[in-house]
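Q: Please take a close look at the sheet of this protein. I should like to understand how its strands are paired and what lies at its edges.

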Amino acid sequence: MTQLTLLRQGHPLASASEQVRMLEQRDGVPAFARLVRDRGLSELTADAVTVLQVNVGRLCNQTCSHCHVDAGPDRREIMSREIMELCLEAVRDGVIEVVDVTGGAPEMNPHFRWFVEQAAALGCRVIDRCNLTILLAPGYETLPEFLAAHRVEIVASLPCYLEDNVDRQRGGGVYRKSIEALRRLNALGYGRDAALPLSLVYNPGGPSLPPDQSRLEADYRRELKARWGIEFTRLYALANLPISRFLDDLLRQNRLDEYLGKLVQAFNPATLAGVMCRSTLSVDWQGNLYDCDFNQMLELPVASGAPRHIRDFSAAQLAGRPIVTGRHCYGCTAGAGSSCQGALTGV
């Protein structure tokens, strides 16, 4: 039975455990932990938890080809208000500085506005990872004003400044809707007022590493300003990780080994100091804890001995824990590195 046949049985994508097995069986690719050890580097451990990244569900109004969450309109995983309450209790512990809300389209969770209000009231920096088109969807038209009123930072996906490239990744008509949403955000002060940061996210359209982030940001600024009058705060350049739909595409094109090999060849030890798993704790819609959003999608929980559910949150027990790694971790440590905050080095 071929991997692609396995991938297509019962569900468009392989299960998380099958995805892990596919990645770990690549004989020509050294295990991530072993490569780190062989280079004489310290194994990854967590520092203090300062960022709580909360995935409030996989429901989304889009179905993007590079989505590592496999989000879409047919998904029904939605975080309950009870789990959100537990997340807020963790924030009240006092060590968390940032509440990073993601999905799916996080705004489609029925408790999204309440959760944002509560997190903002606790004095946290609140981030909404927004796909932009949701801001134009029926029933969500007042979201920009709500986000601005609560000083929520917006991190928005716009994988290119060119229409064809965006629509190829995210669906027909998405680029024009994204531009309209960005104009609305600019009109409210987003990307222009320092109190209303608007960050854009780039990711490659295929199995390649992102270009230099600072140069690409300059291109985005020039092109979006000239074409549409749009301004933004910063650009994050992210690598595609071989998970979910992107893994599916690599297998379909028989390019998984090629891409993993490219990531291994580009491994950059300087990125290890800044990888997001050192300071971020990821929470899934059921309250389970992971070192990062990617481990969450592969169902690789935090290491044994650390609290594994948000109800048991303990900053002291989570600090210093060993990070659970796999071959997908090469995606965050190749070239200039990749994290939810973009490139990790200037190399």
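A: In this predicted model, strand S5, which covers residues 198-202, pairs with S6 in the parallel sense, and 4 bridges join the two. Within this pair, Leu200 stands opposite Leu235 in S6.

These two strands belong to an open sheet formed by 8 strands. Read across the sheet, the order is S6-S5-S4-S3-S2-S1-S7-S8, and the pairing is mixed. Strand S6 (234-237) and strand S8 (289-290) stand at the edges. Each of these edge strands has a single partner strand, so one side of each is left without a neighbour in the sheet.

Strand S7, residues 280-283, stands between S1 and S8 in the order of the sheet. On one side, strand S1 (residues 51-55) pairs with S7 in the parallel sense over 4 bridges. Here Leu52 stands opposite Leu281 in S7. On the other side, S7 and S8 run antiparallel and are joined by 2 bridges. In this pairing Ser282 stands opposite Tyr290 in S8. The mixed character of the sheet can thus be followed at S7 itself, with a parallel pairing to S1 and an antiparallel pairing to S8.

The residues of S7 also show how a strand presents its two faces. Thr280 and Ser282 point one way, whereas Leu281 and Val283 point the other way. All four are buried, that is, each has under 20% relative accessible area.

S7 and S8 form a hairpin with 5 residues between the strands. In this hairpin Gly287 takes a positive phi near 95 degrees.

The sheet may finally be placed within the whole protein. There are 14 helices and 8 strands in the protein. Its radius of gyration is 19 Å, close to the 20 Å that the globule rule gives for 347 residues, so the protein is as compact as a globular protein of that length. Along the principal axes, the C-alpha trace spans about 50 × 45 × 45 Å. Of the 347 residues, 57% count as buried, and the four residues of S7 described above are likewise buried. Among contacts with a separation of 6 or more, 73% are made by residues 24 or more positions apart. The accessible surface of the protein comes to about 14,200 Å², and carbon and sulfur atoms account for 49% of this area.

Note on methods:
Residues are numbered from 1 along each chain as its sequence is written. This is a predicted model: local features need pLDDT of at least 70, side-chain atom pairs count only at pLDDT 80 or more; totals for chains, interfaces and linings use all residues. Side-chain values use heavy atoms; hydrogens and water are left out. The radius of gyration is taken over C-alpha atoms; the globule rule is 2.2 Å times the number of residues to the power 0.38. Buried means under 20% relative accessible area, exposed over 50%, partly exposed in between (1.4 Å probe, protein chains only). Contact means heavy atoms within 4.5 Å. Accessible areas come from the Shrake-Rupley method with a 1.4 Å probe; for residues, only the protein chains shown count as cover. Two strands pair if DSSP finds at least two bridges between them.
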